[in-house]
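Work through the following exercises with the sequence and the coordinates side by side. Each task is followed by a solution that goes step by step.

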Amino acid sequence: MTQIVLVSHSEKIAEGTQELLSQMAQDVNVVAIGGIEGEIGTSFDDISAVLNDIDDDAICFFDIGSSEMNLDMAIEMYTGTHRIEKVNAPIVEGSFIAAVALSTGQTIDEAIASVDEAF
């Protein structure tokens with residue numbers, strides 16, 4: 001099943017959103033990448049490592065600024081075989097809609113369309 005990847009400057013935002021999605025869409029794997037060594041920030045290396053380790057297609061959400069830039073670079077340099085899509089939507093609300101859509105059997109394209117409809 002398609003996974004959700006959350007990229008935030010804050011470890012707490014990423015993990016809190018992951019916790020919310022895991023309770024609301026238990027069958028959807030949610031990966032949280034937040035902060036750098038306990039501080040605010042994002043890391044291309046951390047994002048790239050996560051993307052290169054996924055075992056299915058992924059829909060990625062980000063919060064602000066460099067999280068999008070680092071995510072874009074990681075997607076561009078991704079060498080795996082799975083489909084990875086970045087979605088421009090609020091990280092909490094957008095990922096929530098995508099996770100619920102995936103949990104009800106929607107495809108990656110349908111889940112992205114559900115998010116796009118809302119935002």
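**Helix packing and sheet order**

Helices α2 and α3 are oblique to each other, because their angle falls in none of the other classes, where angles under 35 degrees count as roughly parallel, over 145 as roughly antiparallel and 65 to 115 as roughly perpendicular, the rest being oblique. The model is predicted, so that local features need pLDDT of at least 70 and side-chain atom pairs count only at pLDDT 80 or more, while totals for chains, interfaces and linings use all residues. Residues are numbered from 1 along each chain as its sequence is written, and side-chain values use heavy atoms, with hydrogens and water left out.

**Exercise 1.** Determine how α2 and α3 cross, and which residues make the contact.

*Solution.* Helices (H or I, at least four residues) and strands (E, at least two) are taken as DSSP runs, numbered from the N terminus. Step one is the geometry: the axes of α2 (residues 44–51) and α3 come within 9 Å and cross at roughly 45°, the axes being lines fitted to C-alpha atoms, for helices over the stretch in contact, with angles from 0 to 180 degrees between N-to-C directions. Step two is the hand, and the crossing of α2 and α3 is right-handed, meaning that the near helix is turned clockwise from the far one by less than a right angle (anticlockwise would be left-handed). Step three is the contact (heavy atoms within 4.5 Å), to which α2 gives Phe 44, Ile 47, Ser 48 and Leu 51, and α3 gives Ser 67, Asn 70, Leu 71, Met 73, Ala 74 and Ile 75. By class, these residues divide into seven nonpolar, three polar and no charged, where Ala, Val, Leu, Ile, Met, Phe, Trp, Tyr, Cys and Pro count as nonpolar, Asp, Glu, Lys and Arg as charged, and the others, Gly among them, as polar.

**Exercise 2.** Establish the strand order of the sheet and find which strands stand at its edges.

*Solution.* Begin with the pairs, which require at least two bridges found by DSSP between two strands. Five bridges join β1 (residues 3–8) to the parallel strand β2 (residues 30–34), and Val 5 stands opposite Val 31 in β2. Three bridges join β3 (residues 58–62) to β4, again in parallel, with Lys 86 of β4 as the bridge partner of Cys 60. The four strands form an open sheet, with parallel pairing, in the order β2-β1-β3-β4. Since β2 and β4 (84–86) each have a single partner strand, they stand at the edges, and one side of each is left without a neighbour in the sheet. Neighbouring strands of this sheet are turned by 20° against each other on average, direction ignored.

**Exercise 3.** Describe how α4 packs against α1 and against α5.

*Solution.* Take α1 (residues 11–24) before α5: the axes of α1 and α4 come within 10 Å and cross at roughly 25°, which makes α1 roughly parallel to α4. The contact is made by Thr 17, Leu 20, Leu 21 and Met 24 of α1 with Ile 91, Val 92, Ser 95, Phe 96 and Ala 99 of α4, and it has seven nonpolar, two polar and no charged residues. Turning to α5 (residues 108–118), its angle with α4 is about 145°, with the axes 9 Å apart, and α4 passes α5 in a right-handed crossing. Among the residues of that contact are Gly 94 and Ile 97 of α4 and Ile 108 and Ala 111 of α5.
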